[in-house]
Amino acid sequence: MGLRDDLERFREVGEERREDLEEFISYGDLGGSGANSINIPIKVVDLPEFAYDVRDRGGVGQGQGGTPDVGQPVGQPQPGDGDEEGDPGEEGADHEYYQMDPEEFAQELDEQLGLDLEPKGKEVIEEIEGDFTDVTRTGPNSTLDFERLFKEGLKRKLSMDFDEEYVREALKVEGKDAEDVFRWARDQNILVSWAWVDDAYGDIPEEERGKWSSFEEMDENVEQTTTLQRIRRDGLREVPFRREDERYRHPEIIEKKEKNVVVVNIRDVSGSMREKKRELVERTFTPLDWYLTGKYDNAEFVYIAHDAEAWEVEREEFFGIRSGGGTKISSAYELAAAILEEEYPWHEWNRYVFAAGDSENSSNDTTENVVPLMEQIPANLHAYVETQPGGNAINATHAEEVERALGDSGNVVVARVSRPEDVIDAIYDILSTEDDDQ
């Protein structure tokens with residue numbers, strides 16, 4: 001293998017690792033990984049190396065045609081070096097693994113399946129001060145928002161200011177008194193007060209009264225300047241601040257929320273749940289547990305087994321239990337509801353309720369009990385995984401009844417797994433169904 005081929009091989013590593021992950025979930029030994037350390041078997045990557053041209057002949061310790069002459073041949077397979085010759089070895093082979101933590105596992109699964117689950121923070125664990133973006137009407141002088149105060153005063157200045165000299169000339173129109181000038185100014189949208197006009201009228205010298213025969217004549221001969229023109233000419237001499245314009249800056253209070261999740265795993269352990277069905281449950285639930293552990297700051301798990309009755313178990317027992325009893329799925333949801341209500345309040349915890357079985361249930365239990373219980377338990381997502389390796393049995397109707405009753409609710413999904421190859425699709429169906437409004 002040449003250097004160029006090896007470089008191309010490196011480009012394929014990422015794609016191969018995704019294939020390794022999918023193969024591991026479907027067929028690998030899930031029990032070889034722990035809750036916080038996941039060992040993914042991978043293909044060995046050949047590192048780049050330099051090789052002699054295969055067209056060269058001869059070499060150290062080689063005779064004609066590659067037949068050894070003297071000494072041990074170089075570069076030829078020897079008995080025990082490979083699988084074709086020699087006695088079988090007694091030592092076990094070393095397998096290569098890529099070790100992931102749940103966070104990296106979740107990221108890889110997101111990339112492979114195109115998921116975009118954004119965990120929600122619920123429980124407030126800390127309040128911190130952010131930027132000074134909030135304002136109030138009171139506060140210490142050091143936090144006074146002077147820029148805002150100045151802008152409010154300036155807007156008032158621009159809206160109320162008028163050309164005093166122009167209005168004074170109007171007071172010199174023959175036969176017009178202060179009241180006449182005030183009404184004229186208002187008609188011209190000049191926001192002058194009555195008090196100002198009255199005072200200014202009294203200050204006009206007697207000899208200047210009658211200077212203009214009409215307002216029209218005055219306007220033709222006197223140029224009115226705008227507020228901006230006067231500011232440029234005379235500068236901004238004063239800004240009319242008012243108490244109601246004052247605002248004091250306060251830091252925004254940011255609630256830091258911990259992303260807590262509780263996952264309730266429910267499994268049918270009745271007599272009909274034989275080994276292949278149990279294995280499919282484990283292959284689906286275990287990656288889901290790893291994924292949600294990687295997504296949330298704090299993840300806790302509840303494991304409930306049921307036949308006609310339900311009981312809480314440890315994870316080590318969950319996938320191996322088998323009983324000979326009947327089936328009443330609602331017993332598990334009743335226990336789940338009690339545990340969630342007592343230990344994991346909805347306002348503090350994200351909730352996932354995952355159940356699995358072969359869809360066999362006691363008569364009318366699904367419609368009369370399970371569906372109402374699922375509606376009553378607040379959760380980000382309810383999922384039921386049907387495991388029927390040999391195809392549906394005649395009385396395996398639970399999944400269909402749940403789907404018919406709750407399929408449009410936005411946070412309920414039914415997935416069907418009949419063989420290991422179906423697991424990846426089931427995981428995608430489950431994780432892509434969560435309702436953003438939950």
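**Exercise 1. Describe how helix 3 packs against helix 10.**

Solution. Helix 3 (residues 102-113) and helix 10 pack with their axes 7 Å apart, at an angle of about 105 degrees. Helix 3 is therefore roughly perpendicular to helix 10, a label for angles of 65 to 115 degrees. Axes here are lines fitted to C-alpha atoms, for helices over the stretch in contact, and angles run from 0 to 180 degrees between N-to-C directions. Helices (H or I, at least four residues) and strands (E, at least two) are DSSP runs, numbered from the N terminus.

Next, look at the residues. On the helix 3 side, Phe-105 and Leu-109 are among those that meet helix 10, whose side includes Trp-290 and Tyr-291; contact means heavy atoms within 4.5 Å. By class, this contact has seven nonpolar, two polar and three charged residues. Ala, Val, Leu, Ile, Met, Phe, Trp, Tyr, Cys and Pro count as nonpolar, Asp, Glu, Lys and Arg as charged, and the others, Gly among them, as polar.

A word on the model: it is predicted, with local features needing pLDDT of at least 70 and side-chain atom pairs pLDDT 80 or more, while totals for chains, interfaces and linings use all residues. Residues are numbered from 1 along each chain as its sequence is written, and side-chain values use heavy atoms, leaving out hydrogens and water.

**Exercise 2. Work out the order of the six-strand open sheet, then place helix 10 and helix 12 on the sheet.**

Solution. The order is 9-8-7-10-11-12, with mixed pairing; two strands pair if DSSP finds at least two bridges between them. Strand 9 and strand 12 (412-417) are the edges, each pairing on one side only. On average, neighbouring strands are turned by 20 degrees against each other, direction ignored.

Now take the pairs. Strand 7 (residues 260-268) runs parallel to strand 8 over nine bridges, and Val-262 has Glu-300 as its bridge partner in strand 8. Helix 10 packs on the sheet, and its direction makes about 180 degrees with that of strand 7. Helix 12 (residues 330-343) also packs on the sheet, at about 150 degrees to the direction of strand 8.

Finish at the edge: strand 8 (residues 298-306) and strand 9 (residues 310-313) pair in the antiparallel sense over four bridges. A hairpin of three residues joins strand 8 to strand 9, and Tyr-303 has Val-313 as its bridge partner in strand 9.

**Exercise 3. Which element gives the most to the lining of the second largest pocket?**

Solution. Helix 10 does, with five residues. Strand 8, strand 9 and helix 11 (315-318) are also among the elements that each supply at least two.

Terms used
Angles under 35 degrees count as roughly parallel, over 145 as roughly antiparallel, 65 to 115 as roughly perpendicular and the rest as oblique.
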